[in-house]
Amino acid sequence: MSVPTELGYTAKHEWVVVEDGIATVGITSFAAEALGDIVYVELPGVGSEVTAGEPSGEVESTKSVSDIYSPVSGEVVEVNESLEDSPETINSAPFEGGWLFKARITGEPSGLLSAEEYTKLTEGEE
């Protein structure tokens, strides 16, 4: 399982990186592997508000449907439209082409886990 050190993580298996007040959000490789083959993604709309810790979309796989929880609060400024036609990108490249949305944050994210902390968390769930 890949856990890039430059990202922040949530206990619900989302990742985030903030650059110039814009947060890029995705789900981790651990979550993608647990879900299995992802067949559909419902993302928040551009211009909508997301709230840290609250559902902001869904990921549907051949196994189940799971909520996506936003790790940040702010306004969605971009969604990964390529996932509409190729949701399986989340499985193959969760930290690169499989990002979900970008939001202009209204405050710095808090309560995020480091890569080391997230790895320890997931070791307990395997």
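1. A good place to start is Thr24, which stands opposite Lys102 in strand 9. Please keep in mind that this is a predicted model. The two strands involved, strand 3 (residues 22-27) and strand 9, run antiparallel and are joined by four bridges.

2. Strand 9 also pairs with strand 8, again in the antiparallel sense, this time over five bridges. Here Val76 is the residue opposite Ala103 of strand 9.

3. Strand 9 (residues 101-105) rewards a look at its side chains. Phe101, Ala103 and Ile105 point to one face and are buried, while Lys102 and Arg104 point to the other face and are not buried. That fits the general pattern: in a regular strand, side chains alternate between the two faces of the sheet.

4. On the surface, you will find a negative patch made up of Glu78, Glu81, Glu84 and Asp85. Of these, Glu78 belongs to strand 8 (residues 74-79). Glu78 counts as partly exposed because its relative accessibility is 35%, which falls between the 20% and 50% cut-offs.

5. Two backbone angles deserve a friendly flag. Most residues other than glycine have a negative phi. His13, however, has a positive phi, near 80°, and sits in the loop between strand 1 (8-9) and strand 2 (14-19). Asp20 likewise is not a glycine, yet its phi is positive at about 55°; Asp20 is found in the loop between strand 2 and strand 3.

6. Are these two loop residues buried or exposed? His13 is buried, with a relative accessible area of 12%, whereas Asp20 is exposed, at 81%.

Conventions: Residues numbered from 1 in each chain as written. Predicted model: local features only at pLDDT ≥ 70, side-chain atom pairs only at ≥ 80, totals over all residues. Heavy atoms only, no water. Patch = residues over 30% accessible without salt bridge, like charges linked within 9 Å, V, L, I, M, F, W, Y side chains within 5 Å. Areas by Shrake-Rupley, 256 points an atom, 1.4 Å probe, with all protein chains shown as cover. Salt bridge = Lys/Arg side-chain N within 4 Å of Asp/Glu carboxyl O. Lys, Arg positive; Asp, Glu negative; His and termini not counted. Charge placed at Lys NZ, Arg CZ, Asp CG, Glu CD. Buried < 20%, exposed > 50% of the residue type's maximum accessible area, 1.4 Å probe, protein only. Pairing = 2+ DSSP bridges.
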